[in-house]
Amino acid sequence: EVRLVESGGGLVQAGGSLRLSCAISGSSLESVGIGWFRQAPGEERDGIAYRHNDGTTYYARSVKGRFIISTDNAKTTMYLQMDNLKPEDTAIYYCGARRRLLLNLRWLANSYEYWGQGTQVTVSS
């Protein structure tokens with residue numbers, strides 16, 4: 001079973017940066033797609049960044065140019081570097097993993113089988 005543990009959230013001022021981590025166990029990154037999602041109060045869980053099993057990365061328009069996905073050398077941890085943060089980035093951030101690798105479903109939360117516990121990101125104005 002795939003297990004995901006997020007960390008790295010916190011409170012930051014607008015324009016600041018945070019780096020989120022998603023520690024992965026029970027699978028290699030070559031076998032799953034990993035997505036970063038966020039959910040603000042009263043809102044749906046939205047996909048913002050995705051790493052396909054071949055290493056290709058994709059970003060939602062709202063974060064493109066500000067957020068970057070990377071992995072550690074052992075490929076057991078995935079990072080989300082978030083720069084130039086805005087108050088509208090405030091949400092709980094989740095990483096998810098899926099074994100069904102249909103690329104056109106990468107932004108669909110229901111296509112993910114495994115989720116971490118989430119980490120809160122708060123951006124003050």
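**Exercise 1. Burial of strand 8**

Determine how many of the six residues of strand 8 are buried in this predicted model.

*Solution.* Step 1. The cut-off for a buried residue is a relative accessible area under 20%. Step 2. Five of the six residues of strand 8 meet it, and the strand is mostly covered. Step 3. Strand 8 also appears among the elements that give two or more residues to the largest nonpolar core. That core has 27 residues, and those with the most contacts inside it are W36, L80, M82 and Y93.

**Exercise 2. The sheet around strand 8**

Establish the strand order of the open four-stranded sheet and identify its edge strands.

*Solution.* Step 1. The order is 1-3-8-7, and the pairing is antiparallel. Step 2. Strand 1 (3-7) and strand 7 (67-71) each pair on one side only, which makes them the edge strands. Step 3. From one strand to the next, the twist averages 20°. Step 4. The pairings can then be taken in turn. Strand 1 is joined to strand 3 (residues 18-25) by five bridges, with V5 having A23 as its bridge partner. Between strand 3 and strand 8 there are six bridges, and here C22 is partnered by M78. Strand 7 is joined to strand 8 by five bridges, with I69 opposite L80.

**Exercise 3. The disulfide**

Locate the disulfide of the structure, and state whether its two cysteines are buried or exposed.

*Solution.* Step 1. The structure holds one disulfide. Step 2. It is formed by C22 and C95, whose sulfur atoms lie 2.1 Å apart. Step 3. C22 belongs to strand 3 and C95 to strand 9; with these positions 73 residues apart, the pair links distant parts of the chain. Step 4. The angle about the S-S bond is 75°, and the link is right-handed. Step 5. C22 counts as buried because its relative accessible area is 0%. C95 is likewise buried, because its relative accessibility is 0%.

**Exercise 4. The surroundings of Y93**

List the residues in contact with Y93, leaving aside its neighbours within four places in sequence.

*Solution.* Step 1. The contacts of Y93 are E6, L20, F37, R38, I48, F67, L80, M82, G118, T119 and V121. Step 2. Compare this list with the residues that have the most contacts inside the largest nonpolar core: L80 and M82 are among them, as is Y93 itself.

**Exercise 5. Positive phi in two loops**

Describe the backbone and exposure of K75 and N84.

*Solution.* Step 1. Most residues other than glycine have a negative phi. Step 2. K75, which is not a glycine, has a positive phi of about 55°. Strand 7 and strand 8 form a hairpin with five residues between them, and K75 is in the turn. Because its relative accessibility is 32%, K75 counts as partly exposed. Step 3. N84 also has a positive phi, near 50°, and is found in the loop between strand 8 and strand 9. Its relative accessible area is 43%, so N84 is partly exposed.

**Exercise 6. The position of E88**

Decide whether E88 is buried or exposed, and give its C-alpha distance from V123.

*Solution.* Step 1. E88 lies in the loop between strand 8 (77-82) and strand 9 (91-98). Step 2. The relative accessibility of E88 is 56%, so this residue counts as exposed. Step 3. Although E88 and V123 are 35 residues apart in sequence, their C-alpha atoms are 7.6 Å apart in space.

Definitions and conventions: Residues are numbered from 1 along each chain as its sequence is written. This is a predicted model: local features need pLDDT of at least 70, side-chain atom pairs count only at pLDDT 80 or more; totals for chains, interfaces and linings use all residues. Side-chain values use heavy atoms; hydrogens and water are left out. Two strands pair if DSSP finds at least two bridges between them. Axes are lines fitted to C-alpha atoms, for helices over the stretch in contact, and angles run from 0 to 180 degrees between N-to-C directions. Buried means under 20% relative accessible area, exposed over 50%, partly exposed in between (1.4 Å probe, protein chains only). A disulfide is a pair of cysteine sulfur atoms within 2.5 Å. A nonpolar core is a set of buried Ala, Val, Leu, Ile, Met, Phe, Trp, Tyr and Cys residues joined through side-chain atoms within 4.5 Å. Contact means heavy atoms within 4.5 Å.
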